[in-house]
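Biologist: Could you walk me through how to read a protein model, one feature at a time?

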Amino acid sequence: QVQLVESGGGLVQAGGSLRLSCTASGRTFSSYAMGWFRQGPGKEREFVAAISRGGGRIYDGDSVKGRFTISVDNAKNTVYLQMNSLKPEDTAVYYCAAGPDIGRTTARYTYWGQGTQVTVSS
């Protein structure tokens, strides 16, 4: 089983950057793909990015392609989301998730963090 804790959210002006971290605990972390999702006010939960077991495959959501980068540091049991060129529409609660294989839908993920708020002002 896996426990996930996100950090790094906050308030930033449009055009700025934030780096989110998701620290995992549990014996099975290395066998799971990791993903980031977000949910803005009144919106559905949206896929952001995912990284496969071993870090060899990366998926990006269309809305963040070219601006956000997912990475993993296995030694620290941490997955990161580097967010650059932030826009007000990026404002959302960002969730870290873990699942048995990489995917783009919430159904593919078994474990979820509590979320961290990202607010981008114009």
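Modeller: Let's begin with the surface. The protein exposes about 6000 Å², and carbon and sulfur atoms supply 46% of that area. Keep in mind that this is a predicted model.

Biologist: How many residues are buried, as a percentage of the 122 in the protein?

Modeller: The cut-off for buried is under 20% relative accessible area. By that reading, 43% of the 122 residues are buried.

Biologist: And which elements make up the protein, going from the N terminus?

Modeller: Strands: the run reads β-β-β-β-β-β-β-β-β-β-β. That gives eleven strands and zero helices. The radius of gyration is 13 Å, close to the 14 Å from the globule rule for 122 residues, so the protein is as compact as a globular protein of that length. Along the principal axes, the C-alpha atoms fill a box of roughly 40 × 25 × 25 Å.

Biologist: What do the contacts say about sequence separation?

Modeller: Take the contacts between residues at least 6 apart in sequence: 58% of them join residues at least 24 apart.

Biologist: Okay, disulfides next. How many does a search of the whole structure find, and which residues are joined?

Modeller: The idea is to look for cysteine sulfur atoms within 2.5 Å of each other. The search finds one disulfide, and that one joins Cys 22 to Cys 96, with an S to S distance of 2.1 Å. Cys 22 is in strand 3 (residues 18–25) and Cys 96 in strand 9 (residues 92–99); at 74 residues apart, the pair links distant parts of the chain. Both Cys 22 and Cys 96 are buried.

Biologist: Is that disulfide left-handed or right-handed, and why?

Modeller: Look at the torsion about the S-S bond. For Cys 22 and Cys 96 it is about -80°, so the disulfide is left-handed.

Biologist: Let me stay with those two strands. What is Ser 21 in contact with?

Modeller: Ser 21 lies in strand 3 and counts as buried because its relative accessibility is 16%. If you skip neighbours within four places in sequence, Ser 21 touches Val 5, Glu 6, Ser 7, Trp 36, Thr 78, Val 79 and Tyr 80.

Biologist: And Ala 98: buried or exposed?

Modeller: Buried, because its relative accessibility is 0%. Ala 98 sits in strand 9. Outside its neighbours within four places, its contacts include Val 2, Leu 4, Tyr 32 and Met 34, as well as Tyr 109 and Tyr 111. For a sense of scale, Ala 98 and Asp 60 are 38 residues apart in sequence and 16 Å apart in space, C-alpha to C-alpha.

Biologist: Now backbone angles. Which sign does phi have at Asn 77, and where does that residue lie?

Modeller: When checking phi, flag positive values in residues other than glycine. Asn 77 is such a case, with a positive phi of about 55°. The residue lies in the loop between strand 7 (68–73) and strand 8 (78–83), and at 33% relative accessibility Asn 77 counts as partly exposed. Ser 85 also has a positive phi, near 50°, without being a glycine. Ser 85 is found in the loop between strand 8 and strand 9, and its 41% relative accessibility makes it partly exposed.

Biologist: Last one: how many positive and negative side chains are there?

Modeller: Count both sets, then compare their centres. Here there are 13 positive and 9 negative side chains, and the centres of the two sets lie 5 Å apart.

Note on methods. Residues are numbered from 1 along each chain as its sequence is written. This is a predicted model: local features need pLDDT of at least 70, side-chain atom pairs count only at pLDDT 80 or more; totals for chains, interfaces and linings use all residues. Side-chain values use heavy atoms; hydrogens and water are left out. Helices (H or I, at least four residues) and strands (E, at least two) are DSSP runs, numbered from the N terminus. Buried means under 20% relative accessible area, exposed over 50%, partly exposed in between (1.4 Å probe, protein chains only). The radius of gyration is taken over C-alpha atoms; the globule rule is 2.2 Å times the number of residues to the power 0.38. Contact means heavy atoms within 4.5 Å. Accessible areas come from the Shrake-Rupley method with a 1.4 Å probe; for residues, only the protein chains shown count as cover. Lys and Arg count as positive and Asp and Glu as negative; His and the chain ends are not counted. The place of a charge is taken as NZ of Lys, CZ of Arg, CG of Asp or CD of Glu.
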